[in-house]
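Dear colleague,

I am handing over the structure we spoke about, with my notes below it. Please look through the model first and then read on.

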Amino acid sequence: MRRIIVVAALLAALAFASAGSALSSDNTVYITRTGSCYHTAECSHLRSSAMPLALTDAVERGYRPCKLCKPPAPDAPVKTATAPAETVKVAVIRVVDGDTIKVRYEGKLESVRLIGIDTPEITRGKNEPFGKQAEAFLAALLANRTALLEFDLERRDRYGRLLAYVWAQGGGEPSPIFVNAQLARWGLAQLLTIPPNVKYVERLQSAVGAAQATRLNLWRDIQ
Ligand SMILES: [Zn+2]
């Protein structure tokens, strides 16, 4: 299990690296694994680790500009993302695919479908392109972090699965990561809106749009 997580983390790091290079250099900044600031590519604070990130994402996730390298500030203030008040902490037992996890919830083993998005199928004999990458990316986001579930209007689908937005908290990040949106942002998920669960449709739509604009992963051949 530990080895699987290490491999998943490596794959996700690669995804971060290749995705980052596709972003234009003027709006890309860099964060470290443990710091709370974002940096320019040249900053000496990046000696041990560096992950590229869009400037707006860095600000939205609560990172502040480094005082040493003075990276660009966002054009307009971006509101800081915090996990909503109504979330439930769960233990993640297994990542099934890019949009499904098994968790322990209220003492029972439950399937959770991440809503608002759809990732390529890799179960029941299917192996769609970028499905394994989406699974590895999701596993890496959840590794060494606490998973919080946020529900929309419907708590379960017709198969009895929980329907949720997943937030990943901890791991040195100043604010929780909105996992569903990150999958969309890195071009590993399409938008899938099923009313009445539409709470974050605009945010997920803009994440997909950002991935399409830079032709990340699923959108690499988009015209
Ligand atoms: Zn710096």
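Helix 3 is mostly covered in this predicted model, with ten of its twelve residues counted as buried. Those buried residues are Q133, A134, E135, A136, F137, L138, A139, A140, L141 and L142, so that the list includes the charged-type letter E135 as well as F137 and L138.

The length of helix 3, which covers residues 131-142, also agrees with expectation, because twelve residues at 1.5 Å a residue should span 16 Å and the C-alpha atoms at its ends are 17 Å apart. Just after helix 3 comes N144, which takes a positive phi of about 60°.

The second place I looked at is G107, which sits in the loop between strand 6 (100-105) and strand 7 (108-114). Is G107 buried or exposed? It counts as exposed, because G107 has 6 C-beta neighbours inside 10 Å, and the cut-off for an exposed residue is 12 or fewer. From G107 to A91 the distance is 10.0 Å, C-alpha to C-alpha, while the two residues are 16 apart in sequence.

As for the protein chain as a whole, its secondary structure comes to five helices and twelve strands, and 35% of its 223 residues count as buried. If one takes the contacts between residues at least 6 apart in sequence, 59% of them join residues that are at least 24 apart.

With best wishes

Definitions and conventions
Residues are numbered from 1 along each chain as its sequence is written. This is a predicted model: local features need pLDDT of at least 70, side-chain atom pairs count only at pLDDT 80 or more; totals for chains, interfaces and linings use all residues. Helices (H or I, at least four residues) and strands (E, at least two) are DSSP runs, numbered from the N terminus. A residue is buried if 20 or more other C-beta atoms lie within 10 Å of its own, exposed if 12 or fewer, and partly exposed in between; C-beta atoms are placed from the backbone. The expected span of a helix is 1.5 Å times one less than its number of residues. Two residues are in contact if their C-beta atoms, placed from the backbone, lie within 7 Å.
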